[in-house]
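Student: I should like to look closely at one part of this model, namely a strand and the strands that pair with it. Please take me through it step by step, and explain each term as it arises.

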Amino acid sequence: MKYPTRHDRRQFLKQATALALAGGLPTLEALTRVAHAAGDPGPTEVGADYKAIVCLFLFGGQDNANVLIPYRDGDGSGITEYTRYRQARANGSDPQNQSTSSGDLSYTNAQLAATALNLSTGSDPGVGNVFTTHTYGRQFALHPSYSELRALYNGGKLAVVANVGPLIAPVNRLQWYGPSASRPPTPVNLYSHDDQQRAWMSGTADVANPTTGIGGRIAANPSIAAMNTGARISTQISIDGINPFMLSDPSAASTAVAYQVGSGNIGRLQTASTTPPATPTVCNTGTSFMNANPGSPYCIAGGPVRVNSGFSWNTALNGAFRSRINGVAEGVSIYHDQWRQTMNQSIQTEIDISAAFLNSPPSEDIVAPFQNAVASGLSLSGGSLGAQLRMVAAIIRASNQLGASAASPVKRQIFFVGIGGFDTHGSEFWNNNPQNNRQISLAVNAFWSALGNVRIRDAAGTGYLPGSAQDRVTLVTMSEFGRTLNSNGNGSDHGWGSYSLVLGGAVQGGKIYGMNHNVSAATAGSSVWMSPDLNCGAVPRVGMPPDRYNGSLTAPGARCNGLNHALDRGELLATTSGDAVLATIANWFGVPLGTPTQVDAMFPTLRAAHPGGWNVGFMT
Amino acid sequence: MTSLRTLRTCFALLLAPSLAQAACPFNVTATGVGGDTVTNAANFDLLRDGLLLLRYAQGLRGSALVAGTGADAVTVGNNISGNLNQLDVNGDGLFDVQDAQLITRAAFGISSAKLADGIAAVNFATRPDAGAMRAFISGGCTVTFAAPGADQIEASRFLTQSTFGPSLATIQGFLALPPDGAVSGSDHRKRRSRWLSDQFALPRAQSHFSYLLARKAEYDALNQSFYSEMARESFWGQALKSEDQLRQRVAFALSEVMVVSENGISDPLGLAGYLDVLADASFGNFRDLLQRVALSPAMGEYLNHLRNDGNSATPNENFAREVLQLFSVGLVMLNVDGTAGGAATYGEDTVKGFARAFTGFSYDDPYCKAGDPGYAVTRNNCRDGNGATHPYWWWYPGAAPSANAGGEAFPPVLAAWNRPMAAFPGKHSALAKQLLKYDYANPVAACTAALAVARPLAAGGLDGLLPAINTTGSGVTSGTKVSVAQANADLASAIDNVFCHPNVGPFIGRHLIKFLVTSNPTPGYVQRVASIFNDNGSGIRGDMKAVLRAIFLDAEAVSPATALSPADYAKFGKLREPMLRLSAILRAFNGTSPSARYRLYWINGVEYGISQGPLQSPSVFNFYHPDFTPPGPVSAAGAVAPEFEITTTTAIASTQNFFGSLVANTSSNNLTRQFGIGDFSGDCNETVFTDCVFSDLSDLYNLQTSSAAMFDYIDLVLLGGTLSPANKAALAAALDSAAAYPVFTLPANPTANDLTTWQARKRNRVKAALWLAVHTPEFQIQR
């Protein structure tokens, strides 16, 4: 098959733009159909300097104790960490006889066997600034639903960052339970879902109503904005609605203002475009208007364009509507102007994405990995995580059509996807959460496979660089907080520190970063379930708050019994800030973070949370 | 000759009064000289002019037309052909024999339903029945709509704030109310007060729960599954059609504060029971509302305090946390004007204390009642007469417990979904409970007494600690278990502790203002409402009627343009929630389902719907955060606009597509019955499928020859009268432009093709006007 040259494809794009202006909702399915009908979907590729961040938010507060689970007899001591985990989560019932109805929240060895992680060798706690905790004989399994993620971990592509959460200053158990006057500042409204979601996403956990998000600041950063100058689409695209992560300052570059697309369509307003289609098309209208997809330029050609509204394309009506949809403030009502601005952005960007999709449609090599996973249980229904990540992959493929010109494709993209259902207080702990985790593993893996089909165009545009888009995309999971280790009788309650999973070809995976607490024996008279990781290392490392270092901790392998970050129900005070995780990725992305001023502008509380250095070290 | 003349005179005398005001062009012999015009009813002669009209309608022209009447053929012909639209009484596009008959009957004084006797209803007729025809004639055979006056616009604004949407009828009904002399201010404010009083007095027509039971019986009889869509159906039936609009609107607002969602609990009966809790308690006392919500089994299922076991060392904290954070006091101390005071309202110890207070409640199991063997000891081991133990604590309304040893069956008791949860002895925590700590300087009487139990007063060493329950002292009959009475008293104390917290007034007051009136109330507005919450003037705290009066009668709600500075007035109002935009369209045109079922089931999708549906929030945090600030004009003004959080660049298109499709749907061939909207699972066609909502567009069809009149009408009922004259003129110009749908006038002798064009054009003009209207910023924004 002969691929058209870039120049040819630009010409095609121009012609195609007119088609894309018709009304209707261009669905991913329809777009794929076009790819086949046209016979030539164009190359599956991204530009030479392309990079993307994908944020996957787990709404509700991830049950961290069942993400990375002690497995078997890791440390060789008498009572294993695994057994203590079972005891801690069994709510008083016999951990050898798991009974979910009695509030046992644990998995058994047998259930964990299939997701056990490679036991890394060596005794060094890490290299340079990196603090890993996977060594010293502790052995873990991932959640039993994470079989695909397990393969990515063992393959060195997935890293685990332990005990992550919003953090503005190091705080330990003694300080937490001590006098409030001497307690370090903590994130505003800990344990509150929406506040901690905003804290995670904004990187400003010290304020209640942040006005910008981390994604918004990255996109507006001059270095990033310069790479996307003139781009016809925002740097930030959410497939999961408006979110605090992507909030940008109103004065930021226009490419920083987040755009939202659906998981199955890109939000086309019917009859909203400025010019009627050059080539009339007729569409499969379905039986009722909710099923109809009229006006799509991707339907079979051959008849007059129709829109759902029941009358033919009408420039006069359309013009009357559009005359007020522009960037000029009327000043009568802030809500009028806000609505007009949003509508204007919707129309303009949809036209560009449609055109890009028409030229670089989500072809078989993008869609098939997702479709193939359906047999394993992946959902691709509207709004599902699978459908969201499929749309992300499709837009990544189309990215080189969205730049200012053929010679300067979009170089940086930030995506936001989400999945809910993690607030596992009650019966949903066993009824829904395993399935939600299953969707994560299947969808992320399908996304990873699709990226593997996307090649990297070389700078000259004449050939391809080695590798695939996997090397240019970093996916990171986040959740507002972790949960209690012990049970409330049905499920677990709100906590703080949790896990982040980081996936990418540029990630040094197969390792656990940050301080991963050990499940300890319950102390008499207390229900302290967790102790610090047994091995601290000798030098300050990210994930180890400075209060951990004292004269007694000098040799690698020394036990850090001094200070604990676990609270009475086994919930954890975060030790690595979410900001550190995202700053580590932002650094890879090209955000200059070499000076304190640069860091403070992007992550205002990062240096206070990590006085010893913030780079978690999982990016190459 | 004389006798004939006398007769004529007699008829003229008889008929003149009924047509004197009509100004219909029936005097077809008029010469135009000396006041003898076609509309001069005094000169109308039934035997002459009526005959001429009949002849013309039958196709006679020239000398055949005027034979024997003495009239001039050219004059008569011109008088008729020049006024065909006004002579087209039934509005089918033609002046024909039917119209001539109707005119002569009317002229003869027939004004009852017999006016249209024997005259078949005509397809595409604008005026299909005698009433519409009579109105047309008495209105002078022309249809006009006066530009809305200030009083009409004020009424429309108010009904937009307080109902699921105004219509011409409800606006006129409001204006017909006698002003309430008990309040000061404008007649409009006085009418608001009267309307509120009337609404407070309206009983509920039907409970959601009883509606669902009736539906369930039908479904069971057909052996069909019964899903949560039924709760949506019941919601829409009441929201769109019920007379108690204020209650419906307030209950809807409360459903977005005290959220229960299908995403977490899907039993339709539970959802219906919860809708009833909110509707029933909307006009009562907030304390009662709070307790009903806390004891609602749907809420218990949703936020996990149903079967919360007090014997657990760590009871479930979900409801405890959210009832404080989201339903009542919020996270930070508030000033009475709603501004943040800075300090945290409570700590984790308080969350754990409330978690204990909300233990020991589950479905009100009908099979174990006081007096049953074992009841007094432990309800969990309640036994029936045959010695069988029921799993009462685990009993579920939809499930039948196993038959007992004697073979006695225990059928499901669905009504338990509609009853408060009941306390179970032995399941409620006996431990002390840390509640909210606060200093209530001048509590109203109700709180003085209530607070003595939970001791929340910071002064004097009181610390908000609810003491441990004594299960062994004198008078305690339940042995070592917490009794039902003790558990209930404990919970009531916890509710009192929340209810009397000083944050509740500003917290709930601001929420209700934001859902009903404006996203950015001034602190003064919040303070006025919160003060009434704190004390309604009679020493009562939490009087919801008084709070609603304070909200709707405040100058900021009544006359914002004058009450607010220009900068604040630009921030006044809100983005109408998508559901309220949908209901506004349907109510403005009397949307009615022939079967009285309102199956608006699948509207909440982001990509093909309106991103919202009743009790379909994605989480307990509602569809959007109350302080969401979108970047752009809103953030630049330092304001919030919560509803924009679901107005994504995708959703804004999907939502407009939904409304655009709705108003321009072509499902019906009957011009006046439009926008079939149903469950979207099949055709919504009135000849096939009756469960869809059809709107009555006859008013617009009557006005369709005047774009200005149509937009005046639509502006009043859909846009709150906020469309500026310039924008209105621009819409009218677009509609009338040659490229769109200018008025089509039938020629004198229309062909079949002309008629088809004429009918299609009428329809397109009405639809296009509505399509344009629902795409204006003014439709989206309530001001």
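**One strand and its partners**

Tutor: Let us begin with one facing pair: Ser238(A) lies opposite Phe416(A), which is in strand S8(A). The model is a predicted one, in which local features require pLDDT of at least 70 and side-chain atom pairs count only at pLDDT 80 or more, while totals for chains, interfaces and linings use all residues. Residues are numbered from 1 along each chain as its sequence is written, and chains are lettered from A and ligands numbered from 1 in the order in which they are written.

The pairing to which we turn is that of strand S6 (residues 236-238) of chain A with S8(A), which is parallel and has three bridges. Strands here are DSSP runs (E, at least two residues), as helices are (H or I, at least four), and they are numbered from the N terminus. Two strands pair if DSSP finds at least two bridges between them.

S8(A) also has a second partner. Strand S2 (residues 51-58) of chain A is joined to S8 (residues 412-419) of chain A by eight bridges, and the two run parallel. Two facing pairs can be followed in the view: Lys51(A) is opposite Arg412(A) of S8(A), and Phe57(A) is opposite Gly418(A) of S8(A).

Now consider how S8(A) is surrounded. Eight of its eight residues are buried, so S8(A) is largely enclosed by the rest of the structure. A residue is called buried if 20 or more other C-beta atoms lie within 10 Å of its own, exposed if 12 or fewer do, and partly exposed in between, with C-beta atoms placed from the backbone. In a regular strand the side chains alternate between the two faces of the sheet. In S8(A), Arg412(A), Ile414(A), Phe416(A) and Gly418(A) point one way, Gln413(A), Phe415(A), Val417(A) and Ile419(A) point the other way, and all of them are buried.

S2(A) can be read in the same manner. Because eight of the eight residues of S2(A) are buried, this strand is largely enclosed by the rest of the structure. Both of its faces are covered: on one side lie Lys51(A), Ile53(A), Cys55(A) and Phe57(A), on the other Ala52(A), Val54(A), Leu56(A) and Leu58(A), all of them buried.

S2(A) pairs with a further strand, S11 (residues 473-479) of chain A, in the parallel sense over seven bridges. Here Ile53(A) has Thr474(A) of S11(A) as its bridge partner.

For contrast, please turn to another sheet of chain A. It is an open sheet of three strands in the order S1-S9-S10, and its pairing is mixed. Its edge strands are S1 (45-46) and S10 (464-465) of chain A, each of which pairs on one side only. Strand S9 (residues 455-457) of chain A and S10(A) run antiparallel and are joined by two bridges. One residue to locate there is Ile456(A), whose bridge partner in S10(A) is Leu465(A).
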